[in-house]
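The following exercises are to be worked with the sequence and the coordinates at hand. Each task is followed by a solution in steps.

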Amino acid sequence: MGRLMKEPLISIGLLTYNHEKYIASALEGLIAQEYKRIELIVLDDASNDNTSLYIEMYMECMEKRFERVVYFKNKENRGNIPYNCNRIIKEARGEFYYEISGDDILLPQGIGLLCEALQNHLQCVAVHANMIQIPDSHSWGDAIKTTDVIWKNKESGVEADNLFQRLMYGNCIAAPTVMLRREIFYKYGYHDEMIAYEDYEYWLRISRKEKFYFLNKPVVLYRKAETSITNFDIENDRLQIAIEANYLIKKKYIKMLSESEQIRCWKAYYTCYIRLCTQYQYRAGLSWLEEQRRRDGIKLDELQINYKNLFEKQCEEAEILAVWVDIKEIPHALGKYLGNRGICNIAIYGYSRLGVVLHKELLKDGVKIDYIIDQKGKMLECSLPVYTIEDNLPIVDAIIVAPINLYEKVKKKLGQKTNAIIMELVQLLNDLRYKNGSERTIY
């Protein structure tokens, strides 16, 4: 980090709710900031766990570290993030403003890097940066991989003038990395408390006339929920909130695009959420989108056919996962099943939903996974080596085909490439189900 021209006061807003598992790590990250002149404003939205207890435990340390500490605790849960954010912002006194959630962790150099970028680019009202994804289990002080950033190939620089248009197609700014000049709130107002996704709406509001700077350095650790059998289905009400919030945001700004851009923007919106509803078997969300799509006059005929087919496939996957939950009642059932057959080294074919779960469950059972076979090849983000079916495949004991209805199609081709046993995940789970006496069936 270069030398700052001056050290303005930075206001940090920390919004938290039921973050007892994470709040200590979040506070440790704030206290460890290399930048000195910071005020901290904490708002707890009436947590019903031990979040507030942890905050109070850190209060003495925070008061010694920061120039000013303000702590709010709502008497009742508001559940309105824009309202809570606005309350924090109105209390801020710093020249620059940064906000973080109680489940993320700010890297020690984070505030200094963001402040320096704003000072060096006076034409910009905001800076956003890169961030590192961490698993749900990550705690302060755990090792991190600096390569796990969300923007892999983007260079630092002032964002192009078409940032507003890009944002209309989808949010490309990571909220936990953003620092703003606080004066911007006087010019453009506070967050719209009627829209759940307050940050995305605000980037659109100001990007029409103001410039952003992107800093290709990680400043925060962003917590990503781990993939597991039991948490694959997100809460449908959260997905519905996202669908409706983004719809309201699009409606608010769509007229500022050209007619052709408006059509493309709506298609991008419907495509995104139809796929998400399909992925999580959310029928009510699909119905809502279909009704709005007809009202908006957006034609997605090809997508309609594709998503209906995909929806049925995802429902089959959900049933497979449900069977897997039953099987998991017996510890290491999968590992023992493979071990008893002399299968020690595994490759997984297909790294979509079921492939990711299979990877994790095999690791839990102590089974060695050598590589992944996937059509994305090296473009796939994975901790293991990735090959395509056209590559020369290293020797393993078995290859498990994870995706539904692909076994017969790929078995012959894999058999031409390797002497490994080719197994179908569905059949493997059926064998385990019968072996363990589960009453649930897949098909």
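**Exercise 1. Determine how α7 and α8 are oriented relative to each other, and which residues form their contact.**

Solution. The model under study is predicted.

Step 1. The axes of α7 and α8 come within 10 Å, with a crossing angle of roughly 15 degrees.

Step 2. Angles under 35 degrees count as roughly parallel; α7 and α8 are therefore roughly parallel to each other.

Step 3. The crossing in which α7 passes α8 is right-handed.

Step 4. On the α7 side the contact involves Tyr200, Glu201, Leu204 and Arg205, which meet Asn246, Ile249, Lys250, Lys252 and Tyr253 of α8. By class, the residues of this contact are four nonpolar, one polar and four charged.

**Exercise 2. Identify the salt-bridge partner of Lys252 and the network to which the pair belongs.**

Solution.

Step 1. Lys252 forms a salt bridge with Asp192, and the closest N and O atoms are 2.9 Å apart.

Step 2. Lys252 belongs to helix α8 (residues 236–253), whereas Asp192 is in the loop between α6 (184–188) and α7 (198–207), so the pair ties together parts that are 60 residues apart in sequence.

Step 3. Through salt bridges with shared partners, Asp192, Glu201, Arg205 and Lys252 are joined into one network. Among these residues, Glu201, Arg205 and Lys252 also take part in the contact between α7 and α8.

Step 4. The relative accessibility of Lys252 is 38%, so Lys252 counts as partly exposed.

**Exercise 3. Characterise the salt bridges of Glu91 and Glu159 by distance and by the accessibility of the partners.**

Solution.

Step 1. The count for the model comes to 19 salt bridges.

Step 2. In the pair of Glu91 and Arg68, the closest N and O atoms are 2.4 Å apart. This pair links distant parts of the chain: Glu91 is in helix α3 (residues 81–91) and Arg68 in strand β3 (residues 68–73), 23 residues apart.

Step 3. A residue is buried under 20% relative accessible area. Arg68, at 16%, is therefore buried, while Glu91, at 24%, is partly exposed.

Step 4. Glu159 forms a salt bridge with Lys154, with 2.7 Å between the closest N and O atoms. Glu159 has 7% relative accessibility and counts as buried, whereas Lys154, at 23%, is partly exposed.

**Exercise 4. Describe the packing of α9 against α10, and then the surroundings of Gln262.**

Solution.

Step 1. Helix α9 (residues 259–279) and helix α10 (residues 283–296) have axes that come within 9 Å and cross at roughly 160 degrees.

Step 2. Angles over 145 degrees count as roughly antiparallel, and α9 and α10 are therefore roughly antiparallel to each other. Their crossing is left-handed.

Step 3. From α9, the contact draws on Trp266, Tyr269, Tyr270, Tyr273, Ile274, Cys277 and Thr278; from α10, on Gly285, Leu286, Trp288, Leu289, Gln292, Arg293 and Asp296. The residues of this contact divide into nine nonpolar, three polar and two charged.

Step 4. Gln262 is also placed in helix α9. With a relative accessible area of 17%, Gln262 is buried. Residues up to four places away in sequence being left out, Gln262 touches Ile254, Lys255 and Leu257.

**Exercise 5. Establish whether Ile23 is buried or exposed, and list its contacts beyond the sequence neighbours.**

Solution.

Step 1. Ile23 lies in helix α1 (residues 23–31).

Step 2. The relative accessibility of Ile23 is 0%, and Ile23 therefore counts as buried.

Step 3. Apart from neighbours within four places in sequence, Ile23 is in contact with Leu14, Thr16, Thr51, Tyr54, Ile55 and Gly102.

Step 4. Between the C-alpha atoms of Ile23 and Asn50, which are 27 residues apart along the chain, the separation is 9.6 Å.

**Exercise 6. Explain why helix α4 is described as largely enclosed, and place this helix in the context of the protein.**

Solution.

Step 1. The buried residues of α4 are Gly110, Ile111, Gly112, Leu113, Leu114, Cys115, Glu116, Ala117, Leu118 and Gln119.

Step 2. Because ten of the eleven residues of helix α4 (residues 110–120) are buried, α4 is largely enclosed by the rest of the structure.

Step 3. In the protein, 52% of the 443 residues are buried, and the secondary structure comes to 15 helices and 14 strands.

Step 4. Of the contacts between residues at least 6 apart in sequence, 76% join residues at least 24 apart.

Key. Residues numbered from 1 in each chain as written. Predicted model: local features only at pLDDT ≥ 70, side-chain atom pairs only at ≥ 80, totals over all residues. Heavy atoms only, no water. Helix = DSSP H or I, 4+ residues; strand = E, 2+ residues; numbered from the N terminus. Buried < 20%, exposed > 50% of the residue type's maximum accessible area, 1.4 Å probe, protein only. Contact = heavy atoms within 4.5 Å. Salt bridge = Lys/Arg side-chain N within 4 Å of Asp/Glu carboxyl O. Axes fitted to C-alpha atoms, helices over the stretch in contact; angles between N-to-C directions. Parallel < 35°, antiparallel > 145°, perpendicular 65-115°, else oblique. Left-handed = near helix turned anticlockwise from the far one by under 90°. Nonpolar A, V, L, I, M, F, W, Y, C, P; charged D, E, K, R; others polar.
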